[in-house]
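The following exercises practise the reading of a protein structure. Please attempt each task before turning to its solution.

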Amino acid sequence: MGAVMVVWSGTVSISMISLPIRLSPATREERVGRVHELHALDAGRVRHRRFCDVEGREIPYEEVARGVETPTGTVMLTDEDLAHLPLPARRTVSVQAFVPVEAVDPAVFRGAYHVEPGPGGERVYALLAATMARRRRVAVGKLALRDRERPAILRSSGGRLMLHTCYWPHELRAAEHPAPPPAFADRELAVAELLVDALTSNTLPELDDDYAAALDALVEAKAAGGELAPPAEPASVAPVDLVAMLEAAVREVRQERGDRGGSPEPA
């Protein structure tokens with residue numbers, strides 16, 4: 001195993017308790033296949049370059065700076081300016097509250113990080129993880145990471161701590177046309193619950209990346225001078241009785257899982 005990539009180190013502050021921690025990325029995004037942007041006429045690679053619209057020329061990375069446009073002009077900012085911003089969250093995640101796990105909308109999650117205890121913090125770390133798991137709580141605070149302050153949520157997972165950076169509330173987009181809640185018959189709800197129960201598992205299912213596999217097959221076929229057969233169009237589905245459709249789905253799931261009982265009946 002390679003060395004752990006630490007992207008942030010500091011402390012978690014809970015009232016008078018300070019826990020030294022280090023953060024390392026918990027995810028990595030892999031690009032599917034080897035698809036590049038190409039010039040359609042000669043298959044040349046398309047490059048995105050840094051272009052100055054004042055001088056009308058391409059500039060090297062060393063000449064790129066950062067700034068903010070204001071009504072009176074542009075204010076240039078240096079790396080030193082940004083490094084000295086008075087942000088307490090730059091080195092401390094100050095826990096403002098513990099909230100129930102169910103109170104957190106998963107839509108706010110942005111990035112995920114493994115939390116490791118710093119020297120001397122192992123016991124506090126383990127106690128915090130165990131207590132949060134027992135009480136089903138997550139800790140809410142703020143974190144300054146990569147020149148941006150964001151809400152942060154600490155949660156317990158398998159005896160360890162995870163930290164998630166989050167979107168600010170104003171960054172979340174509400175649905176433009178929320179559907180009104182329809183009324184359902186008791187039988188519809190009962191059979192729908194049977195379907196959910198039949199597909200319930202204590203672990204996440206293993207999912208395959210069908211797109212990546214299909215892309216590889218397409219590349220191989222075209223490289224060999226052939227083509228892939230187009231996928232079949234889905235058959236149109238005529239309106240059916242909702243309860244009958246749910247019952248058929250329950251039977252299919254039970255058969256796939258080896259439960260060959262009789263007709264689905266709500267408990």
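The exercises below concern a predicted model.

**Exercise 1. The largest nonpolar core**

Task: Determine how many residues the largest nonpolar core has and which elements supply at least two residues each.

Solution:
1. The largest nonpolar core has 21 residues. Those with the most contacts inside this core are Val12, Leu23, Val115, Leu143, Leu161 and Leu163.
2. At least two residues of this core come from each of the following: strand 1 (8–14), strand 2 (17–25), strand 9 (109–117), helix 2 (122–135), strand 10 (137–144), strand 11 (149–157) and strand 12 (160–166).
3. Helix 2 provides the largest share of this core, 4 residues.
4. A second, separate core has 8 residues, including Val191, Val243, Leu246 and Val250.
5. As a general background, nonpolar side chains tend to be buried together in soluble globular proteins.

**Exercise 2. The surroundings of Leu161**

Task: State with which residues Leu161 is in contact, leaving aside its neighbours within four places in sequence.

Solution:
1. Leu161 is among the residues with the most contacts inside the largest nonpolar core.
2. With those sequence neighbours within four places left aside, Leu161 is in contact with Leu19, His114, Val115, Tyr125, Leu128, Ala129, Met132, Arg155 and Ser156.

**Exercise 3. The largest pocket**

Task: Describe the volume of the largest pocket and the residues of its lining.

Solution:
1. The volume of the largest pocket is about 220 Å³.
2. Its lining consists of 16 residues. Nearest the centre of the pocket lie Arg90, Ala144, Leu145, Arg146 and Asp147.
3. By type, the lining residues of the largest pocket comprise 8 nonpolar, no polar and 8 charged.
4. Helix 1 (residues 79–83) gives the most to this lining, with 3 residues.

**Exercise 4. A pair of strands**

Task: Establish how strand 5 and strand 6 run and how many bridges join them.

Solution:
1. Strand 5 (residues 66–70) and strand 6 (residues 73–77) run antiparallel and are joined by 5 bridges.
2. The connection from strand 5 to strand 6 is a hairpin through 2 residues.
3. One bridge partnership is that of Glu69 with Thr74 in strand 6.

**Exercise 5. Positive phi values**

Task: Locate Ala43 and Arg136, and explain why Arg136 counts as partly exposed.

Solution:
1. Ala43, which is not a glycine, has a positive phi near 65°. Ala43 lies in the loop between strand 2 and strand 3 (51–52).
2. Arg136, also not a glycine, has a positive phi of about 50°. Arg136 is found in the loop between helix 2 and strand 10.
3. Buried means under 20% relative accessible area and exposed means over 50%. Arg136 counts as partly exposed because its relative accessibility is 45%.

Key:
Residues numbered from 1 in each chain as written. Predicted model: local features only at pLDDT ≥ 70, side-chain atom pairs only at ≥ 80, totals over all residues. Heavy atoms only, no water. 1 Å grid on protein atoms, 1.4 Å probe; cavity = no way out; pocket = protein on both sides within 12 Å on 5 of 7 lines; lining within 4 Å. Points joined across faces, edges and corners; volume = space filled by probe spheres on them. Nonpolar A, V, L, I, M, F, W, Y, C, P; charged D, E, K, R; others polar. Core = buried A, V, L, I, M, F, W, Y, C linked by side-chain atoms within 4.5 Å. Buried < 20%, exposed > 50% of the residue type's maximum accessible area, 1.4 Å probe, protein only. Contact = heavy atoms within 4.5 Å. Pairing = 2+ DSSP bridges.
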